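Me: I would like to go through a structure with you. Could we begin with individual residues and then move on to the sheet?

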Amino acid sequence: ADDADECLPVRQWSAADATFHGVESELRLALPAGFELALFGDYVRGQFDGGSSVPRIPPGRFGAELAWGGGGWELSTRLARVLEQDRTGGGVASVDGYLALSAQAEHGFDAGASQWTVFLRGENLLDEEVRNASSLLRDIAPEPGLNLEAGVRLSF
C-alpha cells in the first residue's frame, strides 16, 4: 500500500435494529412594536437494540431567537446552547457543548420591476470551537469560527 492508503480511515457500514426517541418544541410569541420571540429546543436519543448508542446523533439544544421586522427591514439574533454529546457510540470520544450566537440584518426594496435585498449575516459570533457530533470530520476539522457574510440579492 502507498502512503495515502495508510492515512485514510477505513469505514464499514452495516444495518442494525435501533430505537429512537426525541422531542422538539418551539414557542413563538408576538411582542409589542413588531418584535417576535421564539423559544426552542430539541433532543433525540438513538439506541441499538443491544443497548449501545447509535453514533453521530446530534446533541440536545435549546435557545431563543428575537426578531423584528418593519419598513423593509428584518433583523434577528439567535442564541442556542448545544449540549455535550457523550452518547457517541462505538467508543468514540464525547463532543463538547458550545454556545451558538448568530445575527442577521436584511433590507429589501423595489427598484422598477426588480426586488433588491441587501444583507449582513454573522455566524458563530462568540468564535466557539464547534465540533459537529454528526460529522465524520469532527476529529479532523472543526466547523468554521467567527464568520461574516454580506451580500446583495436581486430578484427580477
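Me: Is Glu26 buried, partly exposed or exposed?

Reply: Glu26 counts as partly exposed, at 49% relative accessibility. Buried means under 20% relative accessible area, exposed over 50%, and partly exposed in between, with a 1.4 Å probe and protein chains only.

Me: What kind of model is this, and how are residues numbered?

Reply: This is a predicted model, in which local features need pLDDT of at least 70 and side-chain atom pairs count only at pLDDT 80 or more, while totals for chains, interfaces and linings use all residues. Residues are numbered from 1 along each chain as its sequence is written, and side-chain values use heavy atoms, with hydrogens and water left out.

Me: What is the mean pLDDT of the protein chain?

Reply: The mean is 92, and 97% of the residues reach 70 or more; pLDDT is the predictor's confidence in each residue, from 0 to 100. Among the elements, helix α1 (residues 3–7) has the lowest mean, 64, and β4 the highest, 98. Helices (H or I, at least four residues) and strands (E, at least two) are DSSP runs, numbered from the N terminus.

Me: Back to Glu26. Which residue forms a salt bridge with Glu26?

Reply: Arg28 does, with the closest N and O atoms 3.2 Å apart. A salt bridge is a side-chain nitrogen of Lys or Arg within 4 Å of a carboxyl oxygen of Asp or Glu. Arg28 is partly exposed, with a relative accessible area of 42%.

Me: How many salt bridges are found in the whole structure?

Reply: The search finds 8. One of them joins Arg78 and Glu65, whose closest N and O atoms are 3.6 Å apart. Arg78 lies in strand β4 and Glu65 in strand β3 (residues 61–70), so the pair ties together parts that are 13 residues apart in sequence. Glu65 is buried at 17% relative accessibility, whereas Arg78 is partly exposed at 26%.

Me: Which residues are linked in a network of salt bridges?

Reply: Glu106, Arg121, Glu149 and Arg153 are linked in this way. Within the network, Arg153 and Glu106 form a salt bridge with closest N and O atoms 3.7 Å apart. Arg153 lies in strand β7 and Glu106 in strand β5, so this pair ties together parts that are 47 residues apart in sequence. Arg121 and Glu149 are also bridge partners, with Glu149 in β7.

Me: Now the sheet. What is the strand order?

Reply: The open sheet of 7 strands runs β1-β2-β3-β4-β5-β6-β7, with antiparallel pairing. Two strands pair if DSSP finds at least two bridges between them.

Me: Why do β1 and β7 each have one side without a neighbour?

Reply: β1 and β7 (147–155) stand at the edges with a single partner strand each, so one side of each has no neighbour in the sheet.

Me: How do β5 and β6 pair?

Reply: Strands β5 and β6 (residues 114–123) pair in the antiparallel sense over 9 bridges, and Ala111 stands opposite Ser114 in β6. The two strands form a hairpin with 2 residues between them, and Gly112 in the turn has a positive phi of about 70 degrees.

Me: And on the surface, which residues make the nonpolar patch?

Reply: Leu27, Leu29, Leu31, Phe35, Leu39 and Leu66 make a patch of about 450 Å². Patches are made of residues with over 30% relative accessible area and no salt bridge; like charges are joined within 9 Å, and nonpolar side chains (Val, Leu, Ile, Met, Phe, Trp, Tyr) within 5 Å. Accessible areas come from the Shrake-Rupley method with a 1.4 Å probe, and for residues only the protein chains shown count as cover.
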